[in-house]
Amino acid sequence: MSFTLKELSHSEDRLTEGHRLCAGCSESIVARQVLMASKKPVVVANATGCFEVSTTIYPFTSWNVPWIHSAFENAPASIGGVEATYLALKRKGKITEDINFLAFGGDGATYDIGFQALSGAIERGHRFLYVCLNNEAYMNTGIQRSGATGRGAQTTTCPAGTCVPGKKEFPKDLTRIIIAHDLPYAAQASPHNWRDLMEKAEKGLECGGPAFMNVVTPCPRGWRFDPALTIEISRLAVETCIWPLYEFEKGKWSLTGESKRIAEGKKEKRPVMDWIKSQGRFGHLLKDKWSPVIEEIQANVDKKWEELIKLSQM
Amino acid sequence: MEPIALNGDMAIAHAWRQIDPDVVASYPITPQTIIVENYAEFVANGEVETEYVCAESEHSAMSLCIGASAAGGRVATATASAGLAFMWEVLWIASAMRLPICMSVANRALSGPINIQCDHSDAMGARDTGWIQLFGENVQEAYDNTVMSFKIAEHSGVRLPIMTCIDGFIVTHALERLETLETQVVKDFVGPYQAVRPLLDLKNPTTYGPFSQTDYYFEHKYQIMEAMKRAKPVVKQVQKDYAKISGREHSIIEGYKTEDADYVIMAMGSTAGTLRHVVDELRHEGKKVGSVKLRLFRPFPFDEVKEMLEGKKGVAVMDRAISTGSSGPMFPEVRTALYDAVDRPDIANYVYGLGGRDVKIDELKGVYKQLMTKDHDMVNYLGVRP
Ligand SMILES: Cc1ncc(C[n+]2csc(CCOP(=O)(O)OP(=O)(O)O)c2C)c(N)n1
Ligand code: SF4
């Protein structure tokens, strides 16, 4: 189950160069890691969003594998339909190959508008891995808030003003909501820890039922940071415990990667201030006036972190 | 085959069973629910090999159909009213991907106020989405149209999704005499499904549903329009072929005593039957009247409509739907068809039967009378209290 760089360097390019994502965008990085984790052929469904539009500008496509995009909110249903035909044709002996099914959606497509389709597809038990490319806002339409946007972040629909400090609410804990579906596999991952991410993707693809991965996907445009720092920023998300790495497998929670080491006291848990200072979207919070907001964010991170440690000790 | 008694929904489920599609996606909505319930029983009893998916909404049901059809499966589903409206976004995508999905629509009014009875607002709301639309008059046509719909949609020159519509309750829930075909005859008629560039063909990976900008979008739409044009002769051919195996003649537009008629009323769906009765009664009184039943609404058969109605003194177009702020939706189409006619009839629109409002024999006689005396407005409302 472990991946080596040498081995990966020989794997086929399922998502090729030539897409139009911004420089430094982590969506293609995450997607390539996930795609490489599948030892079997894959069929991919994609929700509307940056990743979809940038990889398929007609008459070009960056996809070397069968791929379908239909709408913003229905990638889980689309891949469910593909899987249904696969089951039917396999039963009738018209297909013999083993195929993995994969869906990508942004956080808007996943936390908000497509949540119903995702929940329904998981409940029905379609065999597919759903990967949320979580850049914490609707980037494709120009950086609007989503249910994944963090408290205090500025977006174009939750701008920071003299009275309001950016987004008022904490993000919805979607991974835990999905885990409440009692599916075979769910995880949070980050592209900086590629091995952890790929092992999780492989487990998700091979778990025999629906699987979910929520991946922090830094967006230099929307988060306002130097495009050279994408991987650093994703590492920071984990080191501050803003984005803990963990998995839920067959009813058991476990911390992984840096998060496991932080919980074991082998690695330092960095303050959220480091996270806030790293990105322009939080710049306004550095004014004295909004220091209570930073405290609230820290308190929320600590609370969620403690809960997670308890869950993983169960 | 011995005739049997089934309602319209059961007749459709029966046709599906004989065809045994690879995937059926279901979500209940009255008056369609009987179709997916019946089919679930066939699945439960191993009578079909279909992968039967209970979606969590109509939006997902249609999205599942899109994925399933793109994957290379033969696919069917059913809906009505709000369900069809909820699918509206993805109906466009099904036609744009040229997926021959077959959908039965049990025509029902749209909210609000909420109402479960028949009118054609649902199908008319979807008329521009690139789906072929066939309307059936009774249980027999529900069955026949369903069998034919697979062959029409899957034709290599067409490859467009198709809606076969029947009137909610009036046909969906009415028990009628039905002549079915042997299952093997149906299977042979429909033939094995030939997928085009399926997603499950791993050797030829295909990108479905790309982002298409101003430089190509218009061309994509134009191609759907061209496929629609090709659909009309295909529908006619399939109806002819079907007559050979069933002995039942269908057409895209059917006239009743129209040859020598001066006054004609045109309608879709179950009202066509009532109209024939009214025509018979008035003919008895010596009135030169006829009626027209339109079976194919998309693509709209402009030439055939013109041919049938040119030279009449008066034509009434009965719309069981309303395009609020304009007229009934079929009316402008018929007027367009007649615009170039040398001998253009007086033409009036009658909006009727919304939300299941009964259409009465005397009311229809009144329409003929108003045509004869030209005592009508452009848009008229049948049986509505002001
Ligand atoms: C029904 C519908 N509503 C709105 C849109 C407009 N829209 C397209 S992509 C998008 C945001 C995508 O955000 P997200 O899912 O987070 O992906 P990202 O682009 O950030 O990767 C929106 C609002 C749409 N395509 N369809
Ligand atoms: S806006 Fe953000 S998510 Fe979208 S392509 Fe650019 S960097 Fe990636």
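**Exercise 1. Classify Gly251(A) as buried, partly exposed or exposed, and place this residue in the fold.**

Step 1: The relative accessibility of Gly251(A) is 49%, so this residue counts as partly exposed. The cut-offs are under 20% relative accessible area for buried and over 50% for exposed, with partly exposed in between (1.4 Å probe, protein chains only).

Step 2: Gly251(A) sits in the loop that links β7 (246–249) to β8 (252–255) of chain A. Helices (H or I, at least four residues) and strands (E, at least two) are DSSP runs numbered from the N terminus.

Step 3: Pro184(A) is 67 residues away from Gly251(A) in sequence, yet their C-alpha atoms are 7.4 Å apart.

Before going on, some conventions. The model is predicted, so local features need pLDDT of at least 70 and side-chain atom pairs pLDDT 80 or more, while totals for chains, interfaces and linings use all residues. Side-chain values use heavy atoms without hydrogens or water, residues are numbered from 1 along each chain as written, and chains are lettered from A and ligands numbered from 1 in the order written.

**Exercise 2. Find out which residues Ser78(A) touches beyond its sequence neighbours.**

Step 1: Locate Ser78(A) in helix α4 (residues 75–91) of chain A.

Step 2: With a relative accessibility of 1%, Ser78(A) is classed as buried.

Step 3: Skip the neighbours within four places in sequence, and the contacts of Ser78(A) are Ala45(A) and Ser70(A), plus Ser63(B) and Gly67(B) from chain B. Contact here means heavy atoms within 4.5 Å.

**Exercise 3. Work out how many residues of strand β4 (residues 129–134) of chain A are buried, and which strands pair with β4(A).**

Step 1: Count the strand: 6 of the 6 residues are buried, so β4(A) is largely enclosed by the rest of the structure.

Step 2: Split the strand by face. In a regular strand, side chains point alternately to the two faces of the sheet. In β4(A), one side holds Leu129(A), Val131(A) and Leu133(A), the other Tyr130(A), Cys132(A) and Asn134(A), and both faces are covered.

Step 3: Add the partners, remembering that two strands pair if DSSP finds at least two bridges between them. Strand β3 (residues 100–106) of chain A runs parallel to β4(A), joined by 5 bridges, with Phe104(A) opposite Val131(A). Strand β6 (residues 211–216) of chain A is also parallel to β4(A), over 6 bridges, and Tyr130(A) faces Phe212(A) there.

**Exercise 4. Trace the 7-strand sheet of chain B and state which strands are its edges.**

Step 1: The order is β3-β2-β4-β5-β7-β6-β13, an open sheet with mixed pairing.

Step 2: The edges are β3 (51–54) and β13 (296–298) of chain B, each pairing on one side only. From one strand to the next, the twist averages 20 degrees.

Step 3: Zoom in on one pair. β6 (residues 132–135) and β7 (residues 162–167) of chain B are parallel over 4 bridges, and Leu134(B) has Thr164(B) as its bridge partner.

Step 4: Place the helix. α3 (residues 58–71) of chain B lies across β2 (23–26), β3, β4 (75–79) and β5 (102–107) of that chain, at about 165 degrees to β4(B). Such angles run from 0 to 180 degrees between N-to-C directions of axes fitted to C-alpha atoms, for helices over the stretch in contact.

**Exercise 5. Describe the largest pocket: what is its volume, and which residues line it?**

Step 1: The volume is about 1,100 Å³. A pocket is an open set of points on a 1 Å grid over the protein atoms alone, where a 1.4 Å probe fits and protein lies on both sides within 12 Å along at least five of seven lines; lining residues have an atom within 4 Å of a point. The volume is the space filled by probe spheres set on the points, which are joined across faces, edges and corners.

Step 2: The lining has 31 residues, with Ala96(B), Met97(B), Gly209(B), Pro210(B) and His220(B) nearest the centre.

Step 3: α4 (81–96), β9 (207–208) and α8 (217–246) of chain B each give at least two lining residues; α8(B) has the largest share, 5 residues.

Step 4: By class, 15 lining residues are nonpolar, 10 polar and 6 charged. Ala, Val, Leu, Ile, Met, Phe, Trp, Tyr, Cys and Pro count as nonpolar, Asp, Glu, Lys and Arg as charged, and the others, Gly among them, as polar.
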